[in-house]
Amino acid sequence: MERFFNFAEKHFMKQDFLVVGLGLSGLAICEELEKRGHSFRVYEDNSQKSSFVAGGIFNPVILKRFTLAWDADEQLKVSIPFYQSLEQKLHIPLVHFWNIFRRFHSVEEQNNWFVATDKERLGEFLDTKLHQIDNPHISAPYSYGKVQQTGHVDTGKMLAAYRKYLAEKNSILFENFDYDQLQLEDGRVKYQDGHFESVIFCEGFGLRRNPYFQYLPLRGNKGEYITIRSRELQLKEAIKSSVFILPLGDDLYKVGATYDNQDKSPEITSQACERLVQQVRQVINCDFEVVDQVAGIRPAMIDRRPIIGRHPEHSNLYCCNGFGSRGVLAGPVMARQLLDFIDDQSGIDAEVDLNRFTKKYFQH
Ligand SMILES: Cc1cc2nc3c(=O)[nH]c(=O)nc-3n(C[C@H](O)[C@H](O)[C@H](O)COP(=O)(O)OP(=O)(O)OC[C@H]3O[C@@H](n4cnc5c(N)ncnc54)[C@H](O)[C@@H]3O)c2cc1C
């Protein structure tokens with residue numbers, strides 16, 4: 001994409017906010033800013049891919065242990081309407097509802113599932129019947145449990161359309177935000193030829209390059225997906241066994257994802273591909289070929305909670321990050337909470353406030 005500002009426009013730029021990064025976090029921040037009538041400019045350099053390659057699945061249940069993911073029922077109530085309103089604004093379908101079928105591996109897992117169906121806040125998402133899927137290529141001797149109120153948001157399509165929307169408004173520059181050029185003076189921010197009230201950093205794992213916030217223990221977790229093609233499989237349901245198998249149509253299925261805390265490189269790896277192929281072979285017994293593979297780094301925090309809030313020393317620098325593997329549900333809720341804090345001085349939940357790490361590094 002091209003740069004969208006000519007020199008004259010840039011020269012007189014004076015705006016409320018500068019936003020660094022347009023993944024799920026940056027998008028939710030921009031929407032919240034626009035709703036509140038704030039002007040803003042975004043910088044996006046394509047250095048991180050997490051939001052683009054994400055499965056986009058929204059699922060309030062942790063399918064390993066059958067527990068409710070942190071605050072997920074509340075996040076669902078805010079986030080799905082948020083994406084549905086974006087569908088109207090961008091004139092494209094984004095939210096797709098379908099059930100997840102969790103393949104049981106033992107009678108013990110079945111029992112754990114039924115115990116979970118009785119739990120407060122969790123039960124509404126777990127169907128109380130055992131399900132069968134009529135497919136000769138998948139054996140499931142212990143049947144399936146059905147998770148409800150789940151589906152996916154087409155994050156790649158949404159971000160592409162949103163970039164276009166911002167570009168048409170001259171609100172985005174497709175270039176690297178250079179931290180060395182940021183000048184903080186008299187309670188305001190100067191960057192290149194623009195003046196801003198504040199900066200909101202939404203760089204995902206790119207935060208590690210940010211001299212103001214890199215003290216935060218963002219550890220990152222690499223994820224990879226493969227896409228397989230199989231004419232024979234003819235699977236209509238989304239299945240979760242050791243991996244997710246998501247039907248995409250046209251005999252294509254998304255399979256994944258991997259979790260890797262060590263490798264922080266952005267490239268796809270043959271090891272991840274082999275692992276996923278091995279895992280899918282344990283579930284389906286027909287031929288398939290791998291036709292695509294993608295990778296991204298999830299911005300995962302050491303304590304698995306987002307990090308939002310204000311820099312302890314620079315009062316006009318903010319951060320909205322740390323969504324880990326749950327950006328779809330967390331993004332809109334965290335953006336709203338951060339803007340409530342900036343605009344109305346309302347408090348940030350201690351659990352997500354970046355100040356939980358600040359004491360260790362700043363003497364205030
Ligand atoms: C394989 C995989 C599958 C996933 N599946 C799901 C899923 O099914 N459901 C779910 O909820 N979550 C999923 N996630 C997690 C989800 O993708 C993340 O939680 C979310 O994308 C994080 O969004 P973000 O905006 O904070 O970060 P990012 O997506 O990393 O976005 C940050 C943006 O900032 C830009 N940027 C960084 N530094 C700079 C700079 N200096 N200048 C300009 N621009 C900059 C980057 O280019 C990037 O566009 C998955 C992740 C992976 C890797």
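Domain 1 (7–53 + 156–219 + 303–361) and domain 2 (96–149 + 220–298), whose bounds come from an automatic or database domain assignment, both contribute residues to the shell around the ligand, so the ligand lies between them. The model is a predicted one, in which local features need pLDDT of at least 70 and side-chain atom pairs count only at pLDDT 80 or more, while totals for chains, interfaces and linings use all residues. Residues are numbered from 1 along each chain as its sequence is written, and side-chain values use heavy atoms, with hydrogens and water left out.

**Ligand surroundings**

There are 38 residues around the ligand, and E44, S51, I57, F177 and G324 come nearest; a residue is counted here if one of its heavy atoms lies within 4 Å of the ligand. The shell divides into 13 nonpolar, 17 polar and eight charged residues, where Ala, Val, Leu, Ile, Met, Phe, Trp, Tyr, Cys and Pro count as nonpolar, Asp, Glu, Lys and Arg as charged, and the others, Gly among them, as polar. The table gives polar contacts of the ligand, a polar contact being a pair of N or O atoms within 3.5 Å.

| Ligand atom | Protein partner | Distance |
|---|---|---|
| nitrogen | G55, polar backbone atom | 3.1 Å |
| nitrogen | N176, N or O atom in the side chain | 3.4 Å |
| nitrogen | Y179, N or O atom in the side chain | 3.3 Å |

Of the 1,000 Å² of accessible area that the ligand has on its own, the protein covers 97%, as computed by the Shrake-Rupley method with a 1.4 Å probe. The elements that give two or more residues to the shell are α2 (24–35), α3 (50–53), β15 (221–229), β19 (289–298) and α8 (327–344); β15 gives the most, with three residues. Helices (H or I, at least four residues) and strands (E, at least two) are DSSP runs, numbered from the N terminus.

**Strand pairing**

Both β15 and β19 belong to an open sheet of eight strands with mixed pairing, in the order β8-β9-β7-β16-β17-β18-β15-β19, where two strands pair if DSSP finds at least two bridges between them. Strands β8 (126–131) and β19 stand at the edges, each with a single partner strand, so one side of each is left without a neighbour in the sheet. Neighbouring strands of this sheet are turned by 25° against each other on average, direction ignored, with axes taken as lines fitted to C-alpha atoms and angles running from 0 to 180 degrees between N-to-C directions.

Within this sheet, β7 (residues 100–103) and β9 (residues 144–147) pair in the antiparallel sense over four bridges, and R103 stands opposite Y144 in β9. Strands β20 (residues 307–310) and β21 (residues 317–321) likewise pair in the antiparallel sense over four bridges, forming a hairpin with six residues between them, in which N321 of β21 is the bridge partner of I307.

How values were computed. Polar contact = N/O pair within 3.5 Å; in protein donor to acceptor, adjacent residues only side chain to side chain.
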